[in-house]
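Thanks for making time this morning. I would like to walk through one structure with you, beginning with a single helix and then turning to charged pairs and aromatic rings.

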Amino acid sequence: MPSHPTLLRALRGETLPRPPIWLMRQAGRYLPEYRATRAEAGSFLDLCYSPALATEVTLQPIRRYGFDAAILFADILLVPHGLGRKLWFAEGEGPRLEPLTTAADVAALADDAAMHAHLAPVYETVRRLRAALPEETALIGFAGAPWTVATYMIAGRGKDEQAGAKALMREAPDVFAALMGRLIDATTAYLEAQIDAGAQVVKLFDSWAGALVDDAAAFEAWIQEPAREIRSRLARTRPGVPIIAFPRGAGARYEAFAKAVMAEGVAIDSETPAAWARDHLQPHVAVQGNLDPALLVRGGEELDAAAEAVLDALGAGPFIFNLGHGITPDADPDNVARLVQVVRGEAGR
Ligand code: CP3
């Protein structure tokens with residue numbers, strides 16, 4: 001019998017005896033083998049664009065922990081890079097881009113063909129991963145959601161409450177809307193290409209959705225509607241491929257989001273109470289989340305208890321165990337191993 005990945009089963013609405021587990025940023029600086037490959041690559045972007053090395057770092061956490069899913073190693077900012085914007089990673093400062101502010105900047109963005117040519121190494125990584133992964137390990141492709149990607153493109157960085165994007169939305173609404181429209185198209189095309197290369201699930205990261213949570217109209221227009229549009233286009237062009245949406249910080253708007261977008265999975269942050277998600281989201285979608293990543297730094301009894309609490313709250317419905325945000329570089333790799341044991345019910349007391 002071919003083994004069907006548990007991640008796909010959960011996303012079809014199955015409740016499993018033990019949920020699938022994978023972790024955001026499971027390939028990263030907390031792992032010594034990642035740091036070694038990253039040093040070999042030279043820079044973070046060189047790592048992203050090297051199919052051999054990006055495949056290697058994607059597989060490292062699978063080998064070490066046997067997670068139920070692998071996530072393509074890449075970055076949400078490769079799309080703006082593929083659209084022709086300058087991108088660099090300043091050591092210790094995070095990503096930087098040349099700020100985009102005018103209608104001419106938007107008009108000058110590359111077309112899909114040029115973007116695909118730039119991103120060809122990423123698609124090659126997806127092909128290599130699908131060939132290398134065990135059949136039971138699902139391969140997740142991903143992209144940034146238009147709003148979050150736009151905030152980096154406009155401000156050139158990810159800080160300051162996304163003030164740059166909010167200002168452009170207010171002062172030059174046509175420029176902002178044109179950028180969002182281009183990003184909806186480009187993101188859909190990018191995800192289609194990942195699916196064609198072998199991604200079995202795609203995840204849409206809206207890490208800065210919380211910046212619009214106090215403005216109902218803006219949240220609906222720029223968080224919910226782009227996700228709904230991308231989801232419905234993919235349902236037409238690539239039917240049967242499930243999507244996980246992550247509108248981080250959506251708070252009470254998570255429920256309307258889940259109903260409107262009709263993604264198969266919704267990922268919740270650590271601020272969203274798991275019991276609330278059980279009552280309000282799990283009737284509609286598979287829920288993914290939401291252990292606080294800080295517990296992988298601290299470990300111990302506190303980690304065990306918090307993981308059990310998430311399992312208790314969400315384990316009786318369609319559920320994917322994950323964190324509420326990415327693993328931090330100071331996480332202890334042994335704590336990650338312990339977490340996997342707890343979630344699989346293999347932890348000795
Ligand atoms: O999850 C994975 O293991 C897959 C790979 C992945 C990365 N970034 C690798 C990465 C994924 C899915 C992302 C998504 C991403 N990138 C998001 C959305 C998720 C989130 O965290 O909210 C965002 C906002 C970005 C943009 C980005 N890239 C930032 C803000 C940073 C700097 C933060 C940091 O930790 O330094 C990056 C760099 C980055 N992307 C690293 C990794 C492993 C660290 C780079 C390094 O090795 O120095």
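Let me start with helix 16, which has 15 residues and reaches 22 Å from its first C-alpha to its last, close to the 21 Å expected at 1.5 Å a residue. Please keep in mind throughout that this is a predicted model.

Along helix 16, the buried residues are Leu-303, Asp-304, Ala-307, Val-310, Leu-311, Ala-313 and Leu-314. What covers them includes helix 14 (274-280), strand 8 (286-291) and helix 15 (295-298), together with strand 9 (319-323) and helix 17 (333-343). Within that list I would pick out Asp-304, which counts as buried because its relative accessibility is 11%, under the 20% cut-off. Leaving aside residues up to four places away in sequence, Asp-304 touches Arg-338 and Val-342.

That brings me to charged pairs more widely. As a general matter, side chains of opposite charge can pair when their charged atoms come close. In this model the count comes to 20 salt bridges, and I will go through three of them.

The first one I have chosen joins Glu-56 to Arg-63, with the closest N and O atoms 2.9 Å apart. Here Glu-56 is partly exposed at 26% relative accessibility, whereas Arg-63, at 54%, counts as exposed.

Next, Glu-124 forms a salt bridge with Arg-127, and their closest N and O atoms are 3.2 Å apart. Both residues lie in helix 8 (residues 120-132), where they are 3 residues apart, about one turn of the helix. Glu-124 counts as partly exposed at 25% relative accessibility, and Arg-127 likewise counts as partly exposed, at 43%.

The third pair is Asp-185 with Arg-233, whose closest N and O atoms are 2.7 Å apart. Since Asp-185 lies in helix 11 (residues 173-197) and Arg-233 in helix 12 (residues 216-237), this pair ties together parts that are 48 residues apart in sequence. Asp-185 is partly exposed, with a relative accessible area of 33%, and Arg-233 is partly exposed as well, with 22%. Nor does this pair stand alone, for Asp-185, Glu-225, Arg-228, Glu-229 and Arg-233 are linked in a network of salt bridges.

Now to the aromatic rings: how many aromatic pairs does a search of the whole structure find? The search finds 10. One of them is formed by Trp-147 and Phe-176, whose ring centres are 6.2 Å apart and whose planes meet at 65°, so the pair is edge-to-face. This pair links distant parts of the chain, with Trp-147 in helix 9 (residues 146-155) and Phe-176 in helix 11, 29 residues apart. Both rings belong to buried residues, given a relative accessible area of 0% for Trp-147 and a relative accessibility of 1% for Phe-176.

A further pair is that of Phe-319 and Phe-321, with centres 6.0 Å apart and planes at 65°, so it too is edge-to-face. Phe-319 and Phe-321 are both buried. Elsewhere, Tyr-34, Phe-44, Phe-73 and Phe-89 form one aromatic cluster.

Finally, there are places where charge and ring come together. Arg-248 lies over the face of Trp-208, at 5.3 Å from the ring centre, and Arg-253 lies over the face of Phe-219, at 5.8 Å from the ring centre. I will stop there and take questions.

Definitions and conventions
Residues are numbered from 1 along each chain as its sequence is written. This is a predicted model: local features need pLDDT of at least 70, side-chain atom pairs count only at pLDDT 80 or more; totals for chains, interfaces and linings use all residues. Side-chain values use heavy atoms; hydrogens and water are left out. A salt bridge is a side-chain nitrogen of Lys or Arg within 4 Å of a carboxyl oxygen of Asp or Glu. Buried means under 20% relative accessible area, exposed over 50%, partly exposed in between (1.4 Å probe, protein chains only). Helices (H or I, at least four residues) and strands (E, at least two) are DSSP runs, numbered from the N terminus. Contact means heavy atoms within 4.5 Å. The expected span of a helix is 1.5 Å times one less than its number of residues. Rings of Phe, Tyr and Trp (its six-membered ring) pair if their centres lie within 6.5 Å; planes under 30 degrees apart count as stacked, over 60 as edge-to-face and the rest as tilted. A charge sits over a ring if NZ of Lys or CZ of Arg is within 6 Å of the ring centre and within 35 degrees of the ring normal.
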